[in-house]
Amino acid sequence: KRAEIFINQHYQIATVDRRIFGSFIEHLGRAVYGGIYQKGNPNSDEHGFRKDTLNLVRELRVPIVRYPGGNFVSGFSWEDSVGPKDRRPAKIDLAWQAIETNQFGLNEFTEWSDKAGCDIMMAVNLGTKGPQDAKNLLEYCNFVGGTDYSDLRRAHGYAKPHDIKLWCLGNEMDGSWQIGHKTAREYGRLASNTAQIMKSLDQTIETVVCGSSGLTMPTFGEWEYQVLDECYDEVDYISLHLYLANRNNDTTDFLAGSQCMDDYISGVASICDAVKAKKHRKKEIELSFDEWNVWYHSEEQDEQIRPWSEAPHQLEDVYNFEDALLVGSMLITLLRHADRVKIACLAQLVNAIAPIMTSDTRAWRQTIFYPYLHASTYGRGTVLLTQTNAPRYESRTYGTVSVLDSVCIWDQAAQSLTIFAVNKDLNDDVEITCDLRQFCGYRVKEHLVLACNDMKAINTETAPNTVRPIRSHASRVEESVLRGILGKHSWNVIRLE
Ligand code: AHR
């Protein structure tokens with residue numbers, strides 16, 4: 001099969017906001033305990049932070065991590081997680097039916113983030129708590145000193161404010177499963193009040209209001225409109241969440257799933273703009289895709305979990321090769337919308353639906369680690385409007401889609417161009433061409449490929465390298481035209497300089 005990719009230096013979508021490569025750590029399963037923190041483990045440092053995990057997080061260059069939930073945050077009392085560890089209470093986590101020991105909390109997370117090189121995207125509890133508690137938490141984190149909560153932080157050994165700039169106003173408040181879930185109007189008012197109070201304490205922060213928990217929510221659309229109608233002036237971003245699955249073992253259909261991410265982004269952007277127009281505002285609401293991934297492998301196993309245990313093996317999806325392809329396509333989709341999507345968090349980072357897995361003895365890279373690594377490493381720059389002319393196919397769920405997902409990122413200062421591309425065709429290679437006359441002198445520096453004959457191949461503790469990228473020699477520039485072969489069902493990174 002053949003396809004053409006068209007780019008033009010002057011047709012630019014936006015500069016990539018590095019926060020688009022963010023991730024997420026929730027107090028859930030072994031994400032924290034046994035994932036990033038394990039006191040006494042030989043792989044842990046003096047603070048109990050797992051060094052092997054930290055190394056992999058640094059390798060991913062994760063710019064920002066959302067914390068501490070997720071569903072967990074809607075029942076969380078942050079005060080339980082600070083101060084001397086021997087005085088912290090163990091609490092019931094109603095969201096995940098587990099016991100939270102609070103031995104790792106807010107201050108430990110700020111230390112961990114420093115070591116990992118990440119900023120923090122902090123969520124406040126708008127399930128069982130409200131504006132006052134959100135203000136207290138912000139005061140504890142960001143106020144310099146001389147007040148109740150800022151002095152409490154200082155007494156806990158943190159003289160310098162944490163200075164957290166990005167705040168989520170609750171989590172998935174449209175979901176019936178959410179502790180304290182609300183109607184759109186109720187939540188919109190609450191979000192407005194909370195953001196207003198928080199911003200009057202610290203004018204430098206930005207806030208993210210909860211959009212729908214997914215495109216298939218019955219209130220989707222109405223929810224975004226009504227929520228923004230209530231809080232448009234007080235918030236900066238609206239969230240989107242999406243988890244995809246291959247429950248019918250229909251890989252062709254599964255790989256088409258990035259189409260619904262694309263539709264979802266366009267739909268939410270339109271709703272934001274409808275509210276903007278109605279209110280005659282100049283300000284634009286940007287999008288925070290702060291939970292996205294594949295999630296379904298662990299569903300059956302999770303039904304066996306004994307309630308009220310500590311750090312159970314929960315949501316431990318073992319990702320296969322086809323999941324990595326879809327994650328690659330989802331990353332391409334996010335990048336193609338870089339004009340509107342400013343934040344995105346792969347959910348999550350360690351052990352629970354994550355690119356990194358740990359045992360008591362080691363940490364390893366799941367299949368989905370690689371597209372995330374490549375996008376985060378090479379996907380910074382200006383997104384060029386990337387048009388393709390490629391064969392299309394009819395998918396069962398998502399309509400007609402292209403076999404080729406692709407996006408080009410140009411770093412003008414570094415004189416480099418990166419093409420990310422997924423060939424979704426299960427049977428045929430795709431031969432691509434791309435006119436590079438505007439990129440005079442650019443040559444292929446590297447063509448990385450993630451490919452595997454077995455769509456269900458996985459990486460495990462004992463076989464951690466079953467799926468990993470290799471260098472390909474299947475692309476070259478000839479007379480200012482890039483010619484390359486994208487192998488059947490493959491993720492490709494073509495780097496030109
Ligand atoms: O990421 C796992 C869960 O998925 C989060 O806690 C919740 O926000 C979503 O439903």
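The radius of gyration of the protein chain is 22 Å in this predicted model. A compact globule of 497 residues would have a value near 23 Å, so the chain agrees with that expectation. Along the principal axes, the C-alpha atoms fill a box of roughly 70 × 60 × 45 Å. The secondary structure comprises 11 helices and 27 strands.

The chain is divided into two parts: domain 1 spans 17-380, and domain 2 spans 387-496. Their C-alpha centres are 30 Å apart. The contact between them draws 35 residues from domain 1 and 35 residues from domain 2. On the domain 1 side, several elements each supply at least two residues. These are helix 7 (251-255), helix 8, helix 10 (321-336), strand 15 (363-365) and helix 11 (369-378). Helix 10 gives the largest share, with nine residues. By class, the side of domain 1 that touches domain 2 holds 15 nonpolar, 13 polar and seven charged residues.

Helix 8 (residues 258-279) also packs against helix 6 (residues 222-231). The two axes come within 9 Å and cross at roughly 35°. The crossing is right-handed. Helix 6 contributes Glu224, Tyr225, Leu228 and Asp229 to the contact. Helix 8 contributes Val268, Ile271, Cys272, Ala274 and Val275. Seven of the residues in this contact are nonpolar, none is polar and two are charged. The charged pair is Glu224 and Asp229, both from helix 6.

The ligand is surrounded by residues from several stretches of the sequence. Glu26 is one of them, and Gly69, Gly70 and Asn71 follow in the numbering. Asn171, Glu172 and Ser213 also belong to the shell. Glu291, Ala347 and Gln348 complete the list. By class, the shell has one nonpolar, six polar and three charged residues. The nonpolar member is Ala347. The charged members are Glu26, Glu172 and Glu291.

Two cis peptide bonds involve residues of this shell. One joins glycine 69 and glycine 70, with omega about 15°. Glycine 70 sits in the loop between strand 4 (64-67) and strand 5 (91-93). Both glycines are among the residues that surround the ligand. The other cis bond links alanine 347 to glutamine 348, and here omega is about 0°. Glutamine 348 lies in the loop between strand 13 (341-346) and strand 14 (356-358). Alanine 347 and glutamine 348 likewise surround the ligand.

A further backbone feature occurs at glutamine 97. Its phi is near 55°, a positive value in a residue other than glycine. Glutamine 97 is placed in the loop between strand 5 and strand 6 (98-100). Strand 5 thus borders two of the loops described here: the loop with glycine 70 and the loop with glutamine 97.

Definitions and conventions. Residues numbered from 1 in each chain as written. Predicted model: local features only at pLDDT ≥ 70, side-chain atom pairs only at ≥ 80, totals over all residues. Near = placed C-beta within 6 Å. Axes fitted to C-alpha atoms, helices over the stretch in contact; angles between N-to-C directions. Helix = DSSP H or I, 4+ residues; strand = E, 2+ residues; numbered from the N terminus. Left-handed = near helix turned anticlockwise from the far one by under 90°. Contact = placed C-beta atoms within 7 Å. Domains from an automatic or database assignment. Rg over C-alpha atoms; globule rule 2.2 N^0.38 Å.
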